[in-house]
Amino acid sequence: MPGDLSEKVIVLTGGADGIGRECALAYAREGATVAILDRDLETALRTASEAGGDSIALHADVSDGDALRAAIDAVLKRFGRIDSVHNNAGIASPSKPLHETSEREWDDLQRINVKSVFWTTKYAFEALVASKGAILNTASMVGLIGQQDHAAYVASKGAMISLTKAMAADYARYSIRVNAVCPAGVWTPMLERWCAEQPDPSSIRQYLDDIHLLGSCPHGDVIADAAVFLLSSKARFITGCILPVSGGAELGYRR
Ligand code: NAD
């Protein structure tokens, strides 16, 4: 039986590991061909091979516009179309307030988390117009509600959320939908690294379970299911949506 994404070609940044890996596998299960763009080519190749079908992995650091242009050109050469771009690659360090953040840390975060969307949009735009495609951004709940000691990261995710709305408004005229998912916590290599950097790593797991009202910190499959929906025709009248996939973490005032 054809899946919800059959015949679609999806460009997915940061698809080698973590949330992106779960999305790559879920997209492929729904019949899509996935082009994983990641700076970790070895892991990306493994994930693409697990996804199966015609899915491929390409080396690209999303902080490098030329690398993104070359990778997107290679996808178009290979498949002749792009139906969706999922901007997922991101970094979360450093865990610092703004005045302690170095200029280098600030620039890296904004370049990887936000400027990458500028580049993928520029280079995939014509193909997305042709396919009446969809863009999905992996933002974060903290871009909506804030977080202590992560000023540069929060700023980058807030920018991504605003950008999602601006792009949705601009590209509706081309029938291109643009949405974002906002995870709270998700067990991935990034979150494991983040836990290790916190002052009291032993209590942080309990904290992460506690902030999700639905009971525990999830794995990437919950994000992947939402992402499949948003890129499928079942979401054909949804654009500019900033979707929490957070187990209610933002509801606050819990006991
Ligand atoms: P991760 O570090 O576990 O995996 C990230 C993937 O992106 C890896 O494959 C990595 O190689 C790749 N990547 C990182 N920087 C890159 C770059 N410059 N160029 C190309 N590829 C790059 O991270 P994750 O937890 O899966 O996070 C994925 C996205 O979800 C990020 O945008 C993150 O901000 C967001 N997010 C994660 C959580 C969480 O709790 N894990 C919560 C909210 C939002």
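**Entry 1. Accessibility and the K234–D4 pair**

I take a residue as exposed when its relative accessible area is over 50%, and as buried when that area is under 20%, with partly exposed in between. The model I am examining is predicted.

I looked up K234 under this rule. Its relative accessibility is 54%, so K234 counts as exposed. I then turned to its partner, D4. The side chains of K234 and D4 form a salt bridge, with N to O at 3.2 Å. I located K234 in the loop between α9 (221–231) and β7 (242–245), and D4 in the segment before β1 (9–13); the pair therefore ties together parts that are 230 residues apart in sequence. D4 has a relative accessible area of 31%, so I entered D4 as partly exposed.

**Entry 2. Further salt bridges**

How many salt bridges does the count come to? I recorded eight salt bridges. Two more of them are noted here.

I checked E42 and R46, which form a salt bridge with their closest N and O atoms 4.0 Å apart. The cut-off for a salt bridge is 4 Å. E42 and R46 lie in helix α2 (residues 41–51); because they are four residues apart there, about one helical turn separates them. I noted both E42 and R46 as exposed.

I next inspected D83 and R81, whose side chains meet in a salt bridge at 2.5 Å, N to O. Is D83 buried or exposed? Its relative accessibility is 6%, so D83 counts as buried. For R81 I found 38% relative accessibility, which means that R81 counts as partly exposed.

**Entry 3. Packing of α4 and α6**

I examined helix α4 (residues 103–131) against helix α6 (residues 151–171). They pack at an angle of about 20°, and their axes are 8 Å apart. That angle makes α4 roughly parallel to α6, because angles under 35 degrees fall in that class. I recorded the crossing of α4 and α6 as right-handed.

Which residues of α4 meet α6? On the α4 side I listed W106, L109, Q110, N113, V114, V117, T121 and F125. On the α6 side I listed A152, Y153, A155, S156, K157, A159, M160, L163, M167 and Y171. By class, I entered 13 nonpolar, four polar and one charged residues for the contact of α4 with α6.

**Entry 4. Backbone geometry**

I searched the backbone for departures from the usual pattern. Most residues other than glycine have a negative phi, and most peptide bonds are trans.

Which residues does a cis peptide bond join? I found S93 and P94 joined in this way, with omega about 10°. I placed P94 in the loop between β4 (84–87) and α4.

I found a positive phi of about 60° at D149, although D149 is not a glycine. I located D149 in the loop between α5 (142–145) and α6. The relative accessible area of D149 is 42%, so I entered D149 as partly exposed.

At S175 I likewise noted a positive phi of about 60°, and S175 is not a glycine. Where does S175 lie? I placed S175 in the loop between α6 and β6 (177–183). With 38% relative accessibility, S175 counts as partly exposed.

Note on methods
Residues numbered from 1 in each chain as written. Predicted model: local features only at pLDDT ≥ 70, side-chain atom pairs only at ≥ 80, totals over all residues. Heavy atoms only, no water. Axes fitted to C-alpha atoms, helices over the stretch in contact; angles between N-to-C directions. Helix = DSSP H or I, 4+ residues; strand = E, 2+ residues; numbered from the N terminus. Parallel < 35°, antiparallel > 145°, perpendicular 65-115°, else oblique. Left-handed = near helix turned anticlockwise from the far one by under 90°. Contact = heavy atoms within 4.5 Å. Nonpolar A, V, L, I, M, F, W, Y, C, P; charged D, E, K, R; others polar. Buried < 20%, exposed > 50% of the residue type's maximum accessible area, 1.4 Å probe, protein only.
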